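The exercises that follow work through one protein model, from a single sheet to the overall shape and then to the backbone. Please try each task on the displayed structure before reading its solution.

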Amino acid sequence: MPSRQLENVVVVGAGIAGTRAAETLRQEGYAGALTIVGAERQAPYHRPPLSKKFLTGEVYRAGVDLAPQFDMDARVLRGASALKLDLSSRAVHVRNDGQDLSLPFDGLVIASGAMPREWPGGPVPDGVLTLRTVQDCLAIRGRLASRPRVVVVGGGFIGAEVAASCRSIGLDVVLIEKAAGPLLAALGEELAPRWAELHRRHGVDLRVGVGVDAFVGDSQVEGVRLTDGSQIPADLVIVGLGVTPATDWLDGSGLRIDDGVICDAKGVAEGSPADVPVVAAGDVARWWHPLYERHLRTEHWDDAGGQGAAAARTLLAGQERAEAHAELPYFWSDQYDVKLQMLGLPTDYDAVEVIEGDAKSWEFVAAYGRSGRTVAVLATVPGRVNAYREAIENRAAFPPSRPD
């Protein structure tokens with residue numbers, strides 16, 4: 001049962017973090033009023049398939065919906081925008097169906113997610129799209145039927161997955177990445193080149209160390225001009241420049257914002273008054289991680305769900321009685337027939353070693369180390385990273401011993 005006597009909780013955000021927070025509130029015994037503010041009109045859905053099987057049509061629309069576990073008995077505002085947080089009056093100001101509403105609360109979960117970075121060069125011709133929502137995906141998927149020449153700008157996980165998905169259905173694909181290779185920031189210079197080889201082996205025209213100077217075409221995109229002077233014909237361009245946390249509505253609230261809402265290890269937003277419970281979770285939040293001793297904003301599906309549940313428990317227990325959320329960061333990425341899984345955080349690693357298998361065979365496990373300790377493990381063998389969870393949590397000597 002909750003140890004705090006809350007009567008009116010507002011959850012801003014209806015993605016995985018907000019949904020898990022709302023579910024956890026009810027599961028943990030919260031019986032008061034519950035309002036969920038969602039920016040999209042759709043019911044909550046899984047985002048990972050948007051760049052994979054939903055994009056290619058292998059999964060139908062209903063297949064990405066988050067199956068409700070039970071009736072949460074909540075007031076749900078869909079297609080609503082959070083405008084302002086007023087901590088002095090304990091209210092969230094929202095625009096819903098053209099009307100401005102003031103939602104009072106005695107407990108608040110901030111889970112407003114993130115927004116794709118827009119193209120910095122101003123307006124773009126038709127056919128230059130981003131991928132974040134299910135509607136974005138449907139718009140892109142609708143164009144794939146005409147078998148366009150596809151250019152993907154940005155070699156992060158979304159860009160790499162989109163490129164792989166488009167190649168898997170036989171489209172001509174050019175992938176452009178300003179860095180020396182795709183996934184370099186996430187995997188490091190030792191292992192990222194394997195994924196560059198993977199894309200090239202599957203027929204992707206990979207251009208690295210070069211950026212986009214301009215899009216060619218007036219009403220409809222016809223090509224992409226690169227910073228090296230070359231020009232690539234294109235009928236469809238998908239831009240993946242990353243995301244920025246959706247925090248504009250928190251300006252002037254008094255919360256500390258720095259690439260997201262800064263939170264402690266329990267999810268409590270820094271700058272919130274002691275008597276006004278405010279927690280944050282998901283892509284909008286930067287939580288302090290006790291193991292890595294830094295604030296992390298991971299932008300990963302599993303992490304967002306875990307944070308949402310933990311934030312709800314903190315809201316109910318109170319900051320003093322709540323437990324720190326120290327779950328290891330985890331993500332996965334499916335590209336062609338290779339499943340990449342990462343457990344832990346390799347940022348600032350100073351050593352990397354393949355500890356099982358052979359990287360050339362695409363069945364391997366690699367560990368990342370920092371200052372002689374194991375900080376992360378990557379595997380292409382499904383589920384194998386979990387065998388090294390204890391090694392990472394206990395800061396085992398690097399390289400870690402192979403579990404039995």
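**Exercise 1. Work out how strand S5 is joined to strand S6, and then place both in their sheet.**

Step 1. Strand S5, residues 91-96, is joined to S6 by six bridges, and the two run antiparallel. Strands here are DSSP runs of E with at least two residues, helices are runs of H or I with at least four, and both are numbered from the N terminus; two strands pair if DSSP finds at least two bridges between them. The model is a predicted one, in which local features need pLDDT of at least 70 and side-chain atom pairs count only at pLDDT 80 or more, whereas totals for chains, interfaces and linings use all residues. Residues are numbered from 1 along each chain as its sequence is written, and side-chain values use heavy atoms, with hydrogens and water left out.

Step 2. Individual partners can be read off: Arg 95 has Asp 100 in S6 as its bridge partner, and His 93 has Ser 102 in S6. The hairpin of S5 and S6 leaves two residues between the strands, and Asp 97 in the turn has a positive phi of about 50°.

Step 3. On the S4 side, five bridges join S4 to S5, again in an antiparallel arrangement, and Ala 82 stands opposite Val 94 in S5. Four residues lie between the strands of this hairpin, where Arg 90 takes a positive phi near 50°.

Step 4. Together the three strands form an open antiparallel sheet in the order S4-S5-S6. Strand S4 (81-86) and strand S6 (99-104) stand at the edges, each with a single partner strand, so one side of each has no neighbour in the sheet. From one strand to the next the twist averages 25°, with axes fitted as lines to C-alpha atoms and angles between N-to-C directions running from 0 to 180 degrees.

**Exercise 2. Compare the radius of gyration of the protein with that of a compact globule of 404 residues.**

Step 1. The globule rule, 2.2 Å times the number of residues to the power 0.38 with the radius taken over C-alpha atoms, puts a compact globule of 404 residues near 22 Å, and the protein agrees because its own value is 22 Å.

Step 2. Along the principal axes, the C-alpha atoms fill a box of roughly 60 × 55 × 35 Å. Buried residues, meaning those under 20% relative accessible area (exposed is over 50%, partly exposed in between, with a 1.4 Å probe and protein chains only), make up 53% of the 404.

Step 3. The secondary structure comes to eight helices and 26 strands. Of the contacts (heavy atoms within 4.5 Å) between residues at least 6 apart in sequence, 63% join residues at least 24 apart.

**Exercise 3. Describe the backbone and surroundings of Leu 183, Arg 395 and Pro 399.**

Step 1. Most residues other than glycine have a negative phi, and most peptide bonds are trans.

Step 2. Leu 183, although not a glycine, has a positive phi of about 60°; it sits in the loop between strand S11 (173-177) and helix H5 (184-187), and counts as buried because its relative accessibility is 4%.

Step 3. Arg 395, also not a glycine, has a positive phi of about 55°. Arg 395 belongs to the segment after H8 and, at 37% relative accessibility, counts as partly exposed.

Step 4. Pro 399 is likewise found in the segment after helix H8 (389-393), and the peptide bond from Phe 398 to Pro 399 is cis, with omega near -5°.
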